[in-house]
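User: Hi! I'm new to this one, could you walk me through it?
Analyst: Happy to, here it is.

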Amino acid sequence: VSSIMKSGKDIPMVSKETLLIDSLLVMSEKALGMVLIAENEKLIGIFTDGDLRRALESNIDFQKLAIGDVMTRDCKSIEPQEPALSAMQLMEKYSLNSLPVVDPSNKIVGAINMHTLIQAKLF
């Protein structure tokens, strides 16, 4: 996973206090279909394109709501030393388009999505 993941400044990461509207800007800028929510660089949640569609259907106030109020808390993740094939299998098993990459202490070190796997020619 470490050889194909987006890392450093390419990781779409915000704090739980970040406004939803500002989180969407980060999501669009990083173009991975997700934003990771961190506290002290540790993964506490994720907000995906699918979550955005559901939020639009519920008519929430994008201007005032914090991302922490709408994030998915118990999200799947993978460690960087795992084979990329394992990431693909995990994503297929749980119908995920995006996956955070964390170290053993749950610190965010990267992110991948289906497009990343396709670029790595795993499909």
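User: Which element gives the most to the lining of the largest pocket?
Analyst: That's α2, with five residues. This is a predicted model, so local features need pLDDT of at least 70 and side-chain atom pairs 80 or more, while totals for chains, interfaces and linings use all residues. Residues are numbered from 1 along each chain as its sequence is written, and side-chain values use heavy atoms, without hydrogens and water.

User: What does the lining have by class?
Analyst: Five nonpolar, eight polar and six charged residues. Here Asp, Glu, Lys and Arg count as charged, Ala, Val, Leu, Ile, Met, Phe, Trp, Tyr, Cys and Pro as nonpolar, and the others, Gly among them, as polar.

User: OK, switching to β4. Is it buried or exposed?
Analyst: Five of the five residues of β4 are buried (under 20% relative accessible area, 1.4 Å probe, protein chains only), so β4 is largely enclosed by the rest of the structure. Helices (H or I, at least four residues) and strands (E, at least two) are DSSP runs, numbered from the N terminus.

User: And which way do its residues point?
Analyst: S98, P100 and V102 point one way from β4, and L99 and V101 the other way. In a regular strand, side chains alternate between the two faces of the sheet.

User: What does β4 pair with?
Analyst: Strand β5 (residues 108-113), in the antiparallel sense over five bridges; pairing takes at least two bridges found by DSSP. L99 stands opposite I112 in β5.

User: What's between the two strands?
Analyst: Five residues, in a hairpin formed by β4 and β5. N106 in the turn has a positive phi of about 75°.

How values were computed:
Buried < 20%, exposed > 50% of the residue type's maximum accessible area, 1.4 Å probe, protein only.
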